Amino acid sequence: MNGVRERLASRALTAIAVVIAVLWTTPTLGLLLSSFRPEADIKTTGWWSVFGTPRLTLDNYAEVLSGGGNGSGRLAEYFVNSVVIALPSVLFPLVLAFLAAYALAWVDFRGRDALVVGVFALQIVPLQMALVPLLKLFSQGWLFLPAWHLTGPARFAQVWFAHTVFALPFAVFLLHNVLAGLPRDLIEAARVDGASHGTLLLRIVLPLARPALATFAVVQFIWVWNDLLVALTLSGGTAETAPMTVGLASLAGTYGNDWQRLTAGAFVAASVPLLVFLSLRRHIARGLLAGSVKG
C-alpha cells in the first residue's frame, strides 16, 4: 500500500494530474468569462481575449433571469421548477433504496437472493423504453391502476415518480453493497442487546452508510438537474412546470445566435450541481471507497 501511495505521489504523476485538471476546467473557465462579456465581444472574439481587453457586464444574467430583451427566457422560473423537481427526486429514491438495501442485506426472508438479482438486472433496462408505458399509465391507467390525469403544477408528481423508479435499481445496488459489507459482529451484538430493525437502521446503519448515501444523493441530483428527456416528456414543457434544461433550449433564439444568453444561462444551470459536488466531495470520496477494503 505504501509503495502504491509513493508511486501516485511522484512528481511525474502529479504533473500529469495538474495538466488533466487544467484541461478539464478550461472549458468551464471559458464559459464563466463568456457569460460576463458583452454581446458584440462574444460574437466577434474568443473568450481568452478578455485578458487583453477586459470588458465585463452583468446584462447577460439580468436578461436571462428576468426575461428581458425579447421577452423569452425568464430562467428564474425554470430554476425554481428544477429545484422542485430535483429535491423530491433525490429524497424519494434515497429513502426507499436505503430501506430496501437494508432488508436485502440483513433481513432473512424467502426469495431474497432472487429479488436481489431481479433488482440488479433492472439496471440494464434503458430509460427510453419506459417512457411510453409511463405515459400510458398516467393518461390511460394500467391494469387496476387508474389514470392520473394531472394538470398544472400537479404534473411534478409524474416527474418525481419517473425519476424515483429509474433511480431505484442503481441506488439499491450501491447501498446494498455498502450495507452488506458492514461488520457482522456489530450487527449481531446489537441484536443480542435487543435492538430492533428500527434501532439498527437509525443508530448503527445510518451513520455508517452516510458517505454512500451522500454519494448517491449527489449523483442523482446531478442526473435529475441535467435531465431533459424525462422532464420535458412528463412535465409538459411549459414554463409552469418545465426545468432549466427546457429553459436553456429557449434561450438560443429563433436562429440560434443569442450566444451571450446561452453562456449566462448555461453557467447558472451548471453552478448548482457544481456547488453541490464541491460541498459534498469528501463524502463522495468516502462513499466510493466504502466496502472496497475491510478491517
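Ser82 is buried in this predicted model, since its relative accessible area is 3%, and a residue counts as buried when that area is under 20%. The residue is found in helix H5, which spans residues 75–106. Once the neighbours within four places in sequence are set aside, Ser82 is in contact with Trp225, Pro243 and Met244.

A second buried residue is Asp258, which counts as such at 14% relative accessibility. Asp258 is found in a loop, the one between helix H12 (244–250) and helix H13. Although Asp258 and Glu39 are 219 residues apart along the chain, their C-alpha atoms are separated by 8.2 Å.

The two buried residues are set out below.

| Residue | Location | Relative accessible area |
|---|---|---|
| Ser82 | helix H5 (residues 75–106) | 3% |
| Asp258 | loop between helix H12 (244–250) and H13 | 14% |

The protein as a whole gives these residues their setting. Its secondary structure comes to 14 helices and 0 strands, so that, read from the N terminus on, its elements run α-α-α-α-α-α-α-α-α-α-α-α-α-α. Of the 295 residues of the protein, 36% count as buried, Ser82 and Asp258 among them. The accessible surface comes to about 17100 Å², and 69% of that surface belongs to carbon and sulfur atoms. Where contacts join residues at least 6 apart in sequence, 69% of them join residues at least 24 apart.

One pair of helices can be followed in detail. Helix H2, made of residues 11–35, packs with helix H13, made of residues 259–279, at an angle of about 125°, and the axes of the two helices are 8 Å apart. That angle makes H2 oblique to H13, because it lies neither in the range of 65 to 115 degrees that counts as roughly perpendicular nor over 145, where helices count as roughly antiparallel. The crossing of H2 and H13 is left-handed.

Which residues of H2 and H13 meet? On the H2 side they are Thr28, Leu31, Leu32, Ser34 and Ser35, and on the H13 side they are Thr263, Ala264, Ala266 and Phe267. By character, the residues of this contact divide into 5 nonpolar, 4 polar and no charged.

Methods: Residues are numbered from 1 along each chain as its sequence is written. This is a predicted model: local features need pLDDT of at least 70, side-chain atom pairs count only at pLDDT 80 or more; totals for chains, interfaces and linings use all residues. Side-chain values use heavy atoms; hydrogens and water are left out. Axes are lines fitted to C-alpha atoms, for helices over the stretch in contact, and angles run from 0 to 180 degrees between N-to-C directions. Helices (H or I, at least four residues) and strands (E, at least two) are DSSP runs, numbered from the N terminus. Angles under 35 degrees count as roughly parallel, over 145 as roughly antiparallel, 65 to 115 as roughly perpendicular and the rest as oblique. A crossing is left-handed if the near helix is turned anticlockwise from the far one by less than a right angle, and right-handed if clockwise. Contact means heavy atoms within 4.5 Å. Ala, Val, Leu, Ile, Met, Phe, Trp, Tyr, Cys and Pro count as nonpolar, Asp, Glu, Lys and Arg as charged, and the others, Gly among them, as polar. Buried means under 20% relative accessible area, exposed over 50%, partly exposed in between (1.4 Å probe, protein chains only). Accessible areas come from the Shrake-Rupley method with a 1.4 Å probe; for residues, only the protein chains shown count as cover.
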